[in-house]
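Could you walk me through this structure, one question at a time? I would like the reasoning along with each answer.

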Amino acid sequence: QVQLVPSGGGLVQAGGSLRLSCAAASGQTFGPYLLGWFRQAPGKEREFVAAINRGGGRTDYADFVKGRFTISRDNAKNTVYLQMNSLKPEDTAVYYCAARASSNFNFYTSPQDFQAWGQGAQVTVSS
């Protein structure tokens, strides 16, 4: 099972930007995995944010981040990124990266479909 090590996050003013990163643990590879980002705000369920397939040619986003967030991956560095622009206070949450072993043709966006999870990264957007 791949282990995911997140970095990034923090406090930013509304309208600002942050980038989250998530790397495979030393000696591991993201090659066989679909990768995703999810978030969970206090008192709410974990929700899908974005996902990217193995080859990086297909991405999907939740409606509430379309046009503002971009997911990307660097398979050579075994790292997945979430670039977050035009942040809003309602984006405040703990963000999680996740992985699921998958073919390049299958795509998943539900938390229960992902097998491995990183520790959360807090993102706080002040108004």
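Happy to: here are some questions and answers about this predicted model.

Q: How many disulfides are there, and which residues does a disulfide join?
A: Let's look at the sulfur atoms, where a pair counts as a disulfide if the two lie within 2.5 Å. By this rule the count comes to 1. The S to S distance in the pair is 2.0 Å, and the disulfide joins Cys22 to Cys97.

Q: Which strands hold Cys22 and Cys97, and how many residues apart in sequence are the parts that the pair ties together?
A: A disulfide is a covalent bond between the sulfur atoms of two cysteines. Cys22 belongs to strand β3 and Cys97 to strand β9, so the pair ties together parts of the chain that are distant in sequence by 75 residues. To recap the names asked for, the strands are β3 and β9, and the separation is 75 residues.

Q: Is the disulfide of Cys22 and Cys97 right-handed or left-handed?
A: The torsion about the S-S bond of Cys22 and Cys97 settles this. Its value is about 50°, so the disulfide is right-handed.

Q: Are Cys22 and Cys97 buried or exposed?
A: The cut-off to keep in mind is that buried means under 20% relative accessible area. Applied to Cys22 and Cys97, the verdict for both is buried.

Q: Which residues have the most contacts inside the largest nonpolar core?
A: The largest nonpolar core has 39 residues. Elements giving two or more residues to this core include β4 (33-40), β8 and β9. Those with the most contacts inside the core are Trp37, Leu82, Met84 and Tyr95.

Q: With which residues is Met84 in contact, leaving aside its neighbours within four places in sequence?
A: Met84 is among the residues with the most contacts inside the largest nonpolar core, and so is Tyr95. Tyr95 also turns up among the contacts of Met84. The full list for Met84 is Gly16, Ser17, Leu18, Leu20, Arg68, Phe69, Tyr95 and Val123.

Q: How many bridges join β4 to β9?
A: β9 is mostly covered, with 7 of its 9 residues buried. β4 and β9 run antiparallel, and Trp37 has Cys97 in β9 as its bridge partner. The number of bridges joining β4 to β9 is 8.

Q: Which residue in β11 stands opposite Tyr95?
A: β9 and β11 run antiparallel and are joined by 3 bridges. β9 also pairs with β10 in the antiparallel sense, over 2 bridges, and there Ala98 stands opposite Trp117. In β11, the residue opposite Tyr95 is Ala121.

Q: The backbone nitrogen of which residue lies 2.8 Å from a polar atom of the side chain of Asn104?
A: Asn104 is in the loop between β9 and β10, and leaving aside its neighbours within four places in sequence, its contacts are Asn53, Arg54 and Gly55. A polar atom of the Asn104 side chain lies 3.4 Å from the backbone nitrogen of Arg54. At 2.8 Å, the residue asked for is Gly55.

Q: Where does Asn78 lie, and is Asn78 buried or exposed?
A: Most residues other than glycine have a negative phi. Asn78 has a positive phi, near 50°, and lies in the loop between β7 (69-74) and β8 (79-84). Its relative accessibility is 16%, so Asn78 counts as buried.

Q: What is the relative accessible area of Ser86?
A: Ser86 has a positive phi, near 50°. Its place is in the loop between β8 and β9 (93-101). Ser86 is partly exposed, and its relative accessible area is 42%.

Methods. Residues numbered from 1 in each chain as written. Predicted model: local features only at pLDDT ≥ 70, side-chain atom pairs only at ≥ 80, totals over all residues. Heavy atoms only, no water. Helix = DSSP H or I, 4+ residues; strand = E, 2+ residues; numbered from the N terminus. Buried < 20%, exposed > 50% of the residue type's maximum accessible area, 1.4 Å probe, protein only. Core = buried A, V, L, I, M, F, W, Y, C linked by side-chain atoms within 4.5 Å. Contact = heavy atoms within 4.5 Å. Polar contact = N/O pair within 3.5 Å; in protein donor to acceptor, adjacent residues only side chain to side chain. Pairing = 2+ DSSP bridges.
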